[in-house]
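Hi,

Here is the structure I promised to pass on. Have a look at it first, and then read on for what turned up.

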Amino acid sequence: MELAAAVVTKSCNGGDYCHGDIICWFEEVAEKADVLQTETLVRILELNRGIEYLKKWFGGIEIVRRDMDGPAIESLFTSMVPLASHADLEPYILRIADGDTAPLITREPIRLLSLSSGTTEGRQKYVPFTHHSARTTLQIFKLAAAYRSRAYPTREGGRILELIYSSKEFKTKGGLKAGTATTHYYNSEEFKIKQEQTKSFTCSPEEVISNGDYKQTTYCHLLLGLYFREQVEFITSTFAYSTVQAFRSFEELWKEIYTDIKEGSLSSRITVTKTRKSVLRIVYPNPCLASKIKSICEELEGNNWYCLIPKLWPNAKYVYSIMTGSMLPYVKKLRHYAGDQLPLVSADYGSTESWIGVNMDPSFPPEKVTFAVMPTFSYFEFIPLHRKKNQNTGSNSGDDFLEDDPVPLSQVKVGQEYEIVLTTFTGLYRYRLGDVVEVAGFYKKIPKLNFICRRKLILTVNIDKNTEKDLQMVVEKGSQILMKKSSSKAELVDFTSHADVTKQPGHYVIYWEIDGEEVEEEVLGECCRVMDASFVDHGYVVSRKANSIGPLELCIVEKGTFKKILEHFIGNGAALSQFKTPRCTSNQVLLKILNVCTVKRFLSTAYA
Ligand code: AMP
């Protein structure tokens, strides 16, 4: 089998796909990761000979030549082609979107464009999607499924409650279809192959996934998930946010779902005809199931919905989603819904641009998960990053790191932080992804990465620099106070932040949405103070002491505010499957929503 060809096509005995095959394949890949990385780069360059973007850097020189070996090509490539950001490649991608069919960044014509979720950068970006994207998605799904089935075997022929959502698709000026990468995947042959080969089917038909209105899709997923409750082997969504969002909705919707199960009907909320037809083909009056669900829900309601998942899906073996990075804050709620026994399995690491790493250790808790890099998917480079230590640079560059020259995968070091750089089969060359990772260890020759954060600094007023991860830790400390000290059952639903520099001195604003009963003002004031005092960044501490940064402001927003933010993004073409709440925003529309919905404000007394 040609390892660098990137895709496992072989199956056991030429018949059905078998988990062992793909794990064997990955073992081989891991032994030769360094060589495969070079081969992957050479293959990308061979496939894209003479394209306009590379000509710009190589002129008339042929990059892949007989008289050069792989390492020589690799060093020529990295010395001639500069690191690039999305902005550098955007003019080419926009020409493609406008219908230019010349070989600009790939030889293979690009027919689909993905939209990154845009929830971390604030702006959606076009990224090419090719057959390679769907094939690697299928491949990493199979590999991850093989590792999961070792730890948590599931029954063949079972169902998956997949809380997945397609985005609305549209045509660009040049007639290319644009939508999220997950949407393209759900529409691809590979998605069907995955279901057939793994002999496990999602509970909802395609007409539900592609409904376009996330509320209608959620309702149908939950309804059908309950119809198939005995067969459901696991529950999954791309990002943990969607699972939490779906079960929060279930708390409100369950009575309506119960009626539909009892009567074999479908709520009038579902207005899209193709969705109605497809669901009504599956449902039938089932009073026995309905009354069981009713009694379970009544009991769950009295218990704040603790253990909702195992009670409603008694045969589910685990809950599976991306739970790392900006999804960590939702793990607490997920644990609540899953109870103490049902494992939470953290899913793989990828982006619209490329898949990056697989979780080989599904039994690790989300906080400890690492990702083994997939060396045949893309060519990876790693920019070593060093945190600036207590430097009064006065810069407001939005960055907290000093960097060294990029190194290839074979030269990364355990314990070092890096920014990932990608050269992909889909036309991205030395593209800075903007994610910061740390090498946690190796599996054979493959580095296993810890996801740290998005590189872009999120909170800064002057010399202070706080990343998404710093903010997450501070909010975690504040929310512990909320849970411990409030006399009512209150929990943090979601949060974001903003560096307000409209008045001197500038200051941080943290927005919280809280669920539960009214929380005492003293408790919220304490949460605010603790958060302010918990930022350990030297620049922040010094500036707070000198009052060149003002007291932290905690704004409590009314219930449903973060849903409005979600809806704002969905209205702009994002899909629930890829949604991530922005942890810091200067987007005026979002700030307007947050400020209009603020019901209480507190100013920190730390440093007073
Ligand atoms: P998008 O392309 O908009 O879907 O977002 C991709 C980004 O989501 C990545 O660049 C990461 O920042 C984040 N991401 C994806 N997978 C993971 C993961 N397993 N853990 C943490 N963050 C992730």
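From which domains does the lining of the second largest pocket draw at least three residues each? The answer is domain 2 (153–169 + 181–342) and domain 3 (468–603). Before you go further, keep in mind that this is a predicted model.

**The pocket**

The second largest pocket has a volume of about 780 Å³. It is lined by 33 residues, and those closest to its centre are K332, K333, M483, E491 and L492. Five elements each give two or more residues to this lining: the helices α11 (240–263), α15 (331–338) and α16 (468–485), plus the strands β19 (490–500) and β20 (507–516). The largest share comes from α16, which supplies 8 residues. As for chemistry, the lining of the second largest pocket splits into 13 nonpolar, 13 charged and 7 polar residues.

**Helix pairs**

One of the pocket-lining helices, α11, also pairs up with helix α13 (residues 287–302): their axes come within 8 Å and cross at roughly 160°. Angles over 145 degrees count as roughly antiparallel, so that is how α11 and α13 run relative to each other. Their crossing is left-handed.

Then there is the pair made by helix α19 (residues 561–571) and helix α20 (residues 588–596). These two pack at an angle of about 155°, with their axes 10 Å apart, and α19 is therefore roughly antiparallel to α20. Here the crossing is right-handed.

**Two backbone spots in loops**

Which peptide bond is cis, with omega near -15°? That would be the bond from Q504 to P505. If you want to find it on screen, P505 lies in the loop between β19 and β20, and both of those strands give residues to the lining of the second largest pocket.

The other spot is C307, where phi is near 70°, a positive value in a residue other than glycine. C307 sits in the loop that joins α13 to α14 (308–312), and α13 is the helix that crosses α11 in the pair above.

Cheers

Definitions and conventions: Residues numbered from 1 in each chain as written. Predicted model: local features only at pLDDT ≥ 70, side-chain atom pairs only at ≥ 80, totals over all residues. Heavy atoms only, no water. 1 Å grid on protein atoms, 1.4 Å probe; cavity = no way out; pocket = protein on both sides within 12 Å on 5 of 7 lines; lining within 4 Å. Points joined across faces, edges and corners; volume = space filled by probe spheres on them. Helix = DSSP H or I, 4+ residues; strand = E, 2+ residues; numbered from the N terminus. Nonpolar A, V, L, I, M, F, W, Y, C, P; charged D, E, K, R; others polar. Domains from an automatic or database assignment. Axes fitted to C-alpha atoms, helices over the stretch in contact; angles between N-to-C directions. Parallel < 35°, antiparallel > 145°, perpendicular 65-115°, else oblique. Left-handed = near helix turned anticlockwise from the far one by under 90°.
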